[in-house]
Amino acid sequence: MKEFQDTVLPLSNRIYRFAYRLAQNERDAEDLVQDTLIRAFTKFNQYQPGTSLLAWLLTITRSIFINQYRKRQREGLQVRFEDMDIDIDRIAPANLSQFSENPETYLFQSILDADLRRAMEQLPLHYLEVLILVDLEDMSYRETADILNIPTGTVMSRLHRARKSLQKDLIELGRKRGLIKPRLEAVKGPISEDEVSHG
Amino acid sequence: MDKTYWQERLQAYLDNELEPADRKAFEQHLGSDQDIAAEFKFMGALKKRLSAYRDSVSIPSSVEQRIRNRFGKPPRRFASTWLIAASTLAAVILVALFLPRLNAEALSFEHSVVRGTISCYGCEVAQRSGLEQGIICLDGHEMGLVCANGQLWRFASDKQGLAIKGDQDLYKKDVEVSGMINREERLIRVQSIAPLAIVKAGIGSLAFNR
């Protein structure tokens, strides 16, 4: 029990963060953390010392989430994506000189956390979980592959598609807000200098 | 190679997941492909923005309380800035502990042969200490040697050792190193280094050219 307390409990915040990003609402994240800790406690003798404890715990979290997710799909229910932030778009400042380091910096300085969250909500689960593990949990491709039980090459390709999808959504958002000049043609890649509105 | 190939390489490059040779190849391609160069800028900025988003979620105190009640001990929780500061401090202490004494002349050496895989010394220390990957290597990776039994060796900072420490092409190569070693400090003064496959094939001491 003491070893569990000393090693696993300090990682509760990391488990919660991962659970929240998967479930995308507080209530399910709380349940996921508690279920993870209970399962980790009962199976703690199966953890192999010397391997990443955090990766082992996140594997459990994901396993519980996937089972719940599938159950909800079978029951015809959607996973709740509660919109917890007030939907306020940031107004582009009149003086843009401070943002003009480069177009990407300008765009991303205008993107709110809620914007990112909404864009991530649009991702299919198998892209979302790779993005969370690599970009938000700082896992290596190897660790991510182990947690998801997929080859590292698949991690790389899913990550590429996940980020491309975010890129598309965020550029679209930038256009809607007038941060990027609207164009008739489809969004097909990164923004360039002449696409950014400078006031 | 098609565009998707380079786009996926781009992601792996940003995540520091490419082997040194692949990094070089990507960097060369980056200079000759404007689309990839533009995408590189965007994806770099996206990754930076996602990093900033990372710590926007933390466990609510009510959940902490429930865990405390259930498991009998409060989880240690730090604000992210404190976590970074503590990790950095831990890294500094660990490096200080792990690093062999600077004055190698004061150590006693014996001649020996060590076999293992070239790896980044700082990354190995970080990984073994549960620290954030790369936190010790902010100024660049420095090669060390990991033996099959898990022992981590560091190369002495003489001419030969410095050349090996800075040679990222050796990364993940299985090698046999011959030289003077100090077991206590796990420090090697390299006399020769050769690919293990060549040594095992009995081709002789065809050392890496350096």
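The exercises below work through a predicted model of two chains, A and B.

Residues are numbered from 1 along each chain as its sequence is written, and chains are lettered from A and ligands numbered from 1 in the order in which they are written. Because the model is predicted, local features need pLDDT of at least 70 and side-chain atom pairs count only at pLDDT 80 or more, whereas totals for chains, interfaces and linings use all residues.

**Exercise 1. Confidence**

Task: State which elements of chain B have the lowest and the highest mean pLDDT.

Solution: Start from pLDDT itself, which is the predictor's confidence in each residue, from 0 to 100. For chain B the mean is 78, and 72% of its residues reach 70 or more. Among its elements, helix α5 (residues 80-98) of chain B has the lowest mean, 55, and helix α2 (residues 20-30) of chain B has the highest, 92; helices here are DSSP runs (H or I, at least four residues) and strands are runs of E (at least two), numbered from the N terminus. Over residues 100-105 of chain B the pLDDT is below 50, and this stretch has 8 contacts in the model beyond near neighbours in sequence, a contact being two residues whose C-beta atoms, placed from the backbone, lie within 7 Å. Where pLDDT is low, the predicted coordinates should not be read in detail. The model scores ipTM 0.72 and pTM 0.55.

**Exercise 2. The contact between the chains**

Task: Find which element of chain B gives the most residues to the side that touches chain A.

Solution: The contact takes 35 residues from chain B and 38 residues from chain A. On the side of chain B, the elements that give two or more residues are α1 (3-14), α3 (34-54) and α4. Of these, α3(B) gives the most, with 13 residues. By class, this side of chain B has 15 nonpolar, 6 polar and 14 charged residues, where Ala, Val, Leu, Ile, Met, Phe, Trp, Tyr, Cys and Pro count as nonpolar, Asp, Glu, Lys and Arg as charged, and the others, Gly among them, as polar.

**Exercise 3. A helix pair across the chains**

Task: Describe how helix α3 (residues 26-42) of chain A and helix α4 (residues 61-71) of chain B are placed against each other.

Solution: Their axes come within 11 Å and cross at roughly 20 degrees; axes are lines fitted to C-alpha atoms, for helices over the stretch in contact, and angles run from 0 to 180 degrees between N-to-C directions. The two helices are therefore roughly parallel to each other, a term for angles under 35 degrees. The contact is made by E30(A), V33(A), Q34(A) and L37(A) of α3(A) and by V63(B), R66(B), I67(B) and F71(B) of α4(B). These residues divide into 5 nonpolar, 1 polar and 2 charged.

**Exercise 4. The barrel of chain B**

Task: Trace the strand order of the barrel and the partners of β1(B).

Solution: A closed barrel of 5 strands runs β1-β2-β3-β5-β4 in chain B, with mixed pairing; two strands pair if DSSP finds at least two bridges between them. Strand β1 (residues 110-120) is joined by 4 bridges to strand β2 (residues 143-146), and the two run antiparallel. Within β2(B), L145(B) is the bridge partner of I118(B), and M143(B) is that of C120(B). To strand β4 (residues 174-182), β1(B) is joined by 8 bridges, again antiparallel, and H111(B) stands opposite M180(B) in β4(B).

Conventions: Angles under 35 degrees count as roughly parallel, over 145 as roughly antiparallel, 65 to 115 as roughly perpendicular and the rest as oblique.
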